[in-house]
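Please look at the structure shown here, and then read the report that follows, which treats a helix crossing, a hairpin and two loop residues.

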Amino acid sequence: MEQILANGLYLGAQYALIALGLTLIFSLMNVLNFAHGQMYVFGGFVTYTVVAQLGLPFIVGLLASAVVLAVMGALIEKFLFRPVIRRSKRDESTMLLAAGIAFFLDAVILLLFGEKQRGVPKIVNGVFNWDMRLIMPYDRILIAMAAVALIVGFILFMQYSRTGRAMRALAQDRVAAQLMGVDVDRYSMIGFAMGAMLAGLVGGLLVTITGINLGMGGPTSVKAFLMIMIGGAGVISGAIAGGFILGMMESVGLTVLAAYGDITYLVIFVTLMIFLAIRPQGLMGKPWG
Amino acid sequence: MTDHTHSSDPTQRPGLPARLLGIAAFLLLVFVLVPLFIRITGRWDFYYTLTSVALLSVAAAGVWLTFYIGRINIGQGAYALTGGYVSAILIMKYGVSFWLTLPLAGLFCAVVSVGIGLPILRLRGVYFAMVTLVLTEVARLTALALPITNGAKGITSIPLPGELSIFGLTIIPDFATLQNPKLAFYLMAALLMVLTYLVLWRIVNSRLGHLCRSLQQNEELSASIGVNTAMLRVLAYAISSFFGGLAGAIFVAISQSIYPSSFVVNDSVNFMLYCFLGGLGYVFGPMLGTLLLYFGWDLLSVAKEYQLLIYSGTMIALMLVLPNGVLSLLDRKGGRK
């Protein structure tokens, strides 16, 4: 039991971090970022390149992922989403753009990094073993703690910094924020950059444990959508809750339902659909997004 | 919002003779010129591509209809998969004729979609989009888990469509005896596509279409003046799923096999993209979008490893130049805006 809970928390911490980036972008710009999973994969490959190929320390790789993805996010917002949002008749047009970017990033990853599964060596060795009741490698514990630290840092940033306040205002009411003198374009760009950066950071963190490959992008996006649906789209606390709930459900499901075959995700999906039929806006979301 | 509804308004269209001429030209192109072109150039592989385009555009027509009531549908893959499995199981386990399984597959999907649609159609915007996306995953996982679908091994070596005859009169010959089943499949798919768009066009230009547009613009307002919005959106969704099931069933007949991964999340996303690219305000948008994206993808295979790069790059560029779909070019030419 302790093992299941620990696994759930470990998964949840990573998931929450992925969901945070997605929900940030959604709340600021009303864009469902289909390319989020690809950004995560890209971040993983950047860390891999810096650590395994250039031989630099892991922390440098992580920083490189964050910087590369933040710049990528900012450029994507400025040159792609902004003009399309301004000119299209329906908000949904951004979905085509986001899906196009997802394909594009897939192509770029394929050309730059190839299609092989990549990983970097463990950053710390050894396994934490509590009386055989709870076994967890130290590097997993470290990564989970790093993820939690990043989540806390993100919340503090959103809560207390000037930029964070501006972005929260923007998420609440775009027009009102603009009237109060918030530079909407600038903070949309920063928000998108931060969302992409979070995706890249998770990729960088996980490349040490699960490794990374080209095919992980799409499924990661689907999981991230699940999380923000559970918690409510565009709400930061909801994304964190959604991440931990999904992580826990996955961990419990894989153990309890193992006897019935590979149906964990089927059960999770069906549960979610029933839940959404009763509470469409998720746990903490605003009705109708 | 009001702008693009005009373009589907019958009064804004060219006169009747011009329209009939356009339809005749289109039919001539699809049923005569394309087979002729393929015969001359000898590019028999185009038949498969164009058959796929026709079938995908049938499924995309359904997605478009859900867009028309203001819902983003990324779950058409689920119904295509369901339709395919219904047809395959009926043929293999119960020996039903393929031609009978076609409408049955569509109807089964429509019934299922009513059950699923009743709760989830209450959702809007990205919530509905995300749930439908998850639906595709649910369909795949269900197909993996159920015993009747034969799990990951799928159902294979399904016979080609047999003979269809009414009162001893052969209407469609047995596909296995045909010299060129590729051509037969192409003609069948093209015919189905034409019929689908005829139905879609008829729906849009009817009372039902007007009601759907009112839903797209403001659901509360239309409910307040007495439109049965709950019934209407389930109806539109059921028609949409019917198209999805139909297309899926024929795909199975062509490939003679079906696996849980025959239609995945990517396919669902693609159906949505076809609609976007063609233009959400135009009945024939999804057809054009499917042709451009699918045929374009096929032609780009000469670029080898750069195929996806060029394809997605073009898609992004098109979105930047024409954010309202390719068919919005027509608007500009007519001086309407």
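The crossing of H4(A) and H11(B) in this predicted model is left-handed, a term used when the near helix is turned anticlockwise from the far one by less than a right angle, and right-handed if clockwise. Helix H4 covers residues 93-113 of chain A and helix H11 covers residues 265-278 of chain B, and their axes come within 10 Å and cross at roughly 125°. H4(A) is therefore oblique to H11(B), since angles under 35 degrees count as roughly parallel, over 145 as roughly antiparallel, 65 to 115 as roughly perpendicular and the rest as oblique. Among the residues that meet, with heavy atoms within 4.5 Å, are Leu96(A) and Phe103(A) in H4(A), and Leu273(B) and Phe276(B) in H11(B).

In chain A, strand E1 (residues 127-130) and strand E2 (residues 134-137) run antiparallel and are joined by four bridges, where pairing requires at least two bridges found by DSSP. Phe128(A) stands opposite Met136(A) in E2(A), and the hairpin has three residues between its strands, with Asp131(A) in the turn at a positive phi of about 60°.

Two loop residues are compared by accessibility, where partly exposed lies between buried (under 20% relative accessible area) and exposed (over 50%), with a 1.4 Å probe and protein chains only.

| Residue | Relative accessibility | Class |
|---|---|---|
| Asn30(A) | 40% | partly exposed |
| Gln256(B) | 30% | partly exposed |

Asn30(A) has a positive phi of about 60° although it is not a glycine, and Gln256(B) likewise has a positive phi of about 60° without being a glycine.

Residues are numbered from 1 along each chain as its sequence is written, and chains are lettered from A in the order in which they are written. Local features need pLDDT of at least 70, side-chain atom pairs count only at pLDDT 80 or more, and side-chain values use heavy atoms, leaving out hydrogens and water.

Technical notes:
Axes fitted to C-alpha atoms, helices over the stretch in contact; angles between N-to-C directions. Helix = DSSP H or I, 4+ residues; strand = E, 2+ residues; numbered from the N terminus.
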